[in-house]
Amino acid sequence: MNRFSRIVGTGSALPGEPVSNEELVIRLARIGVETSDDWIVTRTGIRQRYFAAPGVTSSQLGAEAARKALAAAGMEASEIDLIVVATSTPDHVFPSTACLVQKELDAPGGAAFDVSAVCSGFVYALATADAMIRTGIANRALVIGAEVFSRILDWNDRSTCVLFGDGAGAVVLSADTRPGVMAARLHADGRQGNVLCATGSISGGEVIGHPFLTMNGQAVFKLAVSVLDAVARETMAVAGMSLDQVDWLIPHQANVRILEASARRMGIASERVVVTVDQHANTSAASVPLALDRATRDGRIKPGQHVLLEGVGGGFTWGAALIQV
Ligand code: ACO
């Protein structure tokens, strides 16, 4: 009998109240950093973001999103035998964020580990969990993207600190005889690691060296548009389908201009692109599952439809997964 994995529930978590551009402009002015709502909206499409309060961690946000995904799936945490968390802002060096989520859900026994692929992390984690389910290593997985990126931002660097937010998204992936995950493709080019990085090293739990994210925005923009197009076409070809059969495109939510440029290049109409970056900003590994949950809960994504998920980010990493819901 054929064995596949299907998404049977989604959930998300956003900390606290949204922080509008206007509010961020005021907060940054207090520390002598000048920006404007107009600059942020024109360059990125971002209108607001969420920031975790001190002490709120990726594992806590991940567990909250996981609980909602489990409720949507009608499943108990005890039925889960695999937890994969994509994050670049883990609570600790170790234990992994996935182990902390497992503890929080009080569901011991299954496998749990983190995936580090920055903004491609959720697609990497989904492809990994799918492969483990298809090969019989696991039956029911929680795949989570969770980040507190606000902790690794240089608040004196206006070219990056206005772009990111915190949050988590989760899906329950379950073994099934019908394909849910139809194809997935993952890539990296380590030679491009310096275009987007946080190079501090960790020793004894302390960050040594430069602890903050740095980015060459224009290089990231060009790379992102080109690889998102290529991996979309590759993934659809693996599934034996074409881009015009995609009902919904959910790319990593970095920037409206990247979303528009890559959708245009793929020939996908903007009405078929799920956009949440205006509401959440860039939440790195959480952005794709947050957008998937949003469009599932508001009824845009309907049973039987084909959804193409895409990630791109530091490393440099990128990937895509075609799912049927
Ligand atoms: N407010 C006001 N002015 C600003 C701000 C700000 N927050 N940030 C930069 N500026 C100024 C710069 O100082 C510069 O001023 P100058 O011309 O007087 O020197 C001017 O704006 C233009 O700066 P650029 O960096 O050239 O701006 P650009 O048009 O390239 O836009 C941006 C920057 C939005 C980052 C763009 O490069 C981009 O969209 N890159 C894609 C990268 C991205 O979205 N990364 C997200 C993370 S990566 C990922 O998730 C894959």
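The legends below describe close-up views of a predicted model.

**View 1. An open sheet of five strands.**
The strand order is β1-β7-β6-β4-β5, and the pairing is mixed. β1 (4-13) and β5 (111-115) stand at the edges. Each has a single partner strand, so one side of each is left without a neighbour in the sheet. Neighbouring strands are turned by 20 degrees against each other on average, direction ignored.

**View 2. The pairing of β4 with β6.**
Strand β4 covers residues 82-86, and strand β6 covers residues 140-148. The two run parallel. Five bridges join them. V84 stands opposite V143 in β6.

**View 3. Helix α10 on the sheet.**
Helix α10 (residues 287-297) packs on the sheet. The helix touches β1, β6 and β7 (166-176). The direction of α10 makes about 90 degrees with that of β1.

**View 4. The surroundings of the ligand.**
In this predicted model, 23 residues surround the ligand. The closest are T35, R43, H252, N255 and N282.

**View 5. Polar contacts to the ligand, from side chains and backbone.**
T35 places a polar side-chain atom 2.7 Å from a nitrogen atom of the ligand. In the side chain of W39, an N or O atom is 3.1 Å from an oxygen atom of the ligand. G217 contributes through its backbone: an N or O atom there lies 2.9 Å from a ligand nitrogen atom. Taken alone, the ligand exposes 1000 Å². The protein buries 74% of that area.

Notes:
Residues numbered from 1 in each chain as written. Predicted model: local features only at pLDDT ≥ 70, side-chain atom pairs only at ≥ 80, totals over all residues. Heavy atoms only, no water. Pairing = 2+ DSSP bridges. Helix = DSSP H or I, 4+ residues; strand = E, 2+ residues; numbered from the N terminus. Axes fitted to C-alpha atoms, helices over the stretch in contact; angles between N-to-C directions. Contact = heavy atoms within 4.5 Å. Near = heavy atom within 4 Å. Polar contact = N/O pair within 3.5 Å; in protein donor to acceptor, adjacent residues only side chain to side chain. Areas by Shrake-Rupley, 256 points an atom, 1.4 Å probe, with all protein chains shown as cover.
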